[in-house]
Amino acid sequence: MPSQPKRHDHFSTRAIHVGSEPDPSTGAVVPSLSVATTFKQDGVGKPRVYEYSRSANPTRSALEALLTSLETCPSSFTSEDAHHDASGGESLVFASGSAATAAVAHWVSLAEAEGGAGGKDGQGGGGHILAVNDVYGGTARYFSRTSKPTGLEVTFLNLEKAGEDGIRQAIRPDTRLIWLEVPTNPLLLVPPLELIASIVNSLPENTRPLVLVDTTFLSPFYITPLISASPDSLPLADIAYSSLSKYASGHSDIILGSVTVSPQTARLRPNLIKGLRFLQNSLGASPSPRDAHLLIRSLKTLSVRMLKHGLNALRIADYLSSHPGVDRVRYPGFKGDNAFKTVESLLSPNAKRELEYLGWSFPYTPSSQEKAGSNKNSLAYTQTLGIPFGGVITFTIKDATAEQTEEFCTTLRVVTLAESLGGVESLIEVPLGMTHSHLPKATLDELQITPNLIRLSVGIEDFDDLVEDLEAGFGALGK
């Protein structure tokens with residue numbers, strides 16, 4: 001990294017320039033794609049920088065620097081030339097979000113000598129993760145089934161209801177990691193991050209569990225839990241995890257995942273990065289440099305895409321909340337949502353800055369926003385609805401059977417019935433029969449994942465066209 005004075009650039013500027021230094025020989029503004037699997041060495045065991053692409057690759061390194069800069073916003077810095085991150089944090093990119101999950105779970109059980117958390121007793125094997133009970137189905141599958149040979153133990157806890165005593169009681173001496181999602185999948189619950197961080201930070205610094213926040217549903221545009229709210233406070237998390245296939249990619253054409261370690265945690269727990277790098281290499285969980293190259297391109301437009309996703313989703317949540325065919329709607333940014341009171345405190349400084357430009361004021365006080373008049377197609381009216389906070393909504397169709405729910409989804413013309421989320425196109429799915437179908441019935445019942453529960457990933461299409469499409473779906477059911 002060049003030894004130049006540090007400076008600060010805003011999120012959108014860094015999204016475009018960090019990791020995208022013009023080619024020194026041709027001047028090309030798009031970085032070259034490095035597809036080499038191996039690299040010339042100047043002597044035996046003397047690589048220049050890289051030796052084998054499973055271990056490290058120039059294109060992947062550029063993406064990891066870019067992600068570090070975005071995830072550690074706004075305290076990260078760039079070099080004077082604006083193309084390098086110098087925050088002190090570190091990101092690792094994996095072949096998929098599931099590969100990133102596997103690496104982190106293995107780190108919990110990995111021996112301390114290898115850079116791991118040590119498992120049960122420091123020697124490796126076992127160890128404990130405390131996880132929010134409503135997690136992505138693939139994460140639940142890995143924790144409850146795939147990881148069993150390592151001896152890993154996982155407790156799934158309703159963190160919204162547990163309270164301080166319940167959370168403290170669930171943390172064991174061998175708890176190495178607390179795994180959170182904000183919001184959760186598919187119910188869009190928001191765990192009490194500030195309370196959890198306070199509890200964890202009250203424990204001995206060298207042995208306390210680390211806090212990981214899966215921010216897939218929001219991206220670093222809307223939430224940056226690795227950044228302290230003020231210079232004299234601690235961040236809400238140690239690790240940010242993301243399925244980059246979703247909003248980071250934005251075009252439903254890349255499978256990647258990442259973990260980012262905060263600058264503070266990188267300093268206090270240097271073995272964490274050593275262990276994760278060891279696992280990334282030894283598990284063979286390395287991404288294709290072609291996918292890394294495409295993701296760098298995608299991140300350049302993250303800000304403008306996320307604003308549109310959020311604005312559309314907030315308006316769709318308002319539409320659904322007053323529809324007679326809908327029972328309940330969950331969108332944390334909607335002012336009627338149970339989690340709305342926590343959203344403002346979690347909103348990234350960058351998102352606040354962008355929303356203030358559009359007319360939102362913070363602290364958000366709905367009474368001071370009631371200046372919209374009756375024009376529901378105005379930005380002023382949208383400001384009265386709440387705060388854009390990602391693009392995912394869940395809702396239930398009133399009294400609908402599984403067959404009726406399927407008919408609703410297959411009737412739609414613009415919105416596509418498909419798994420995944422975060423692309424520019426709107427996607428709809430039924431968690432009970434699709435992404436969460438493998439969960440035990442008791443878990444599904446506890447989480448109220450019912451046959452009429454729908455998850456809607458709101459794209460960036462025209463709002464009126466999306467509403468017209470949803471109306472057609474309800475019309476097909478006579479609702």
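Between domain 1 and domain 2 of this predicted model, the count of salt bridges is 0. Polar contacts are another matter: 13 residue pairs, with both members at pLDDT 80 or more, are in polar contact between domain 1 and domain 2. The two domains span residues 11-297 and 303-476, respectively, and their C-alpha centres are 27 Å apart.

The meeting of the two domains can be followed residue by residue. On one side, 39 residues of domain 1 take part, in contact with 43 residues of domain 2. Together the domains bury about 3300 Å², and carbon and sulfur atoms give 64% of this area. Of the area that domain 1 buries against domain 2, 26% is supplied by Phe-221, Tyr-222 and Tyr-247, more than by any other three residues. Several helices also help to build the side of domain 1 that touches domain 2: helix H1 (11-17), helix H4 (137-146), helix H6 (193-201) and helix H7 (219-222) each supply at least two residues. H4 gives the most to this side, with 5 residues.

Now to the sheets. Strands of a sheet pair through backbone hydrogen bonds, in either a parallel or an antiparallel way. In one open sheet, 7 strands follow the order S1-S7-S6-S5-S4-S2-S3, with mixed pairing. Strand S1 (90-94) and strand S3 (153-157) stand at the edges and have a single partner strand each, so one side of each is left without a neighbour in the sheet. On average, neighbouring strands of this sheet are turned by 20° against each other, direction ignored. The partner of S1 is strand S7 (residues 257-261), and the two pair in the antiparallel sense over 5 bridges; one example is Ser-91, whose bridge partner in S7 is Thr-260. Helix H3 (residues 97-109) packs on this sheet, where the strands it touches include S1, strand S4 (175-181) and S7, and the direction of H3 makes about 155° with that of S4.

A further open sheet has 5 strands in the order S8-S9-S12-S11-S10, again with mixed pairing. Here the edges are strand S8 (326-330) and strand S10 (416-417); each has a single partner strand, so one side of each is left without a neighbour in the sheet. S10 pairs with strand S11 (residues 427-429) in the parallel sense over 2 bridges, and Leu-417 stands opposite Ile-428 in S11. Helix H11 (residues 302-321) lies across S8, strand S9 (392-397) and strand S12 (453-457), running at about 15° to S9. Helix H16 (residues 402-411) packs on the sheet too, touching S9, S10, S11 and S12, and its direction makes about 20° with that of S12.

Definitions and conventions:
Residues numbered from 1 in each chain as written. Predicted model: local features only at pLDDT ≥ 70, side-chain atom pairs only at ≥ 80, totals over all residues. Heavy atoms only, no water. Pairing = 2+ DSSP bridges. Helix = DSSP H or I, 4+ residues; strand = E, 2+ residues; numbered from the N terminus. Axes fitted to C-alpha atoms, helices over the stretch in contact; angles between N-to-C directions. Contact = heavy atoms within 4.5 Å. Domains from an automatic or database assignment. Buried area = accessible area lost by both parts, 1.4 Å probe. Salt bridge = Lys/Arg side-chain N within 4 Å of Asp/Glu carboxyl O. Polar contact = N/O pair within 3.5 Å; in protein donor to acceptor, adjacent residues only side chain to side chain.
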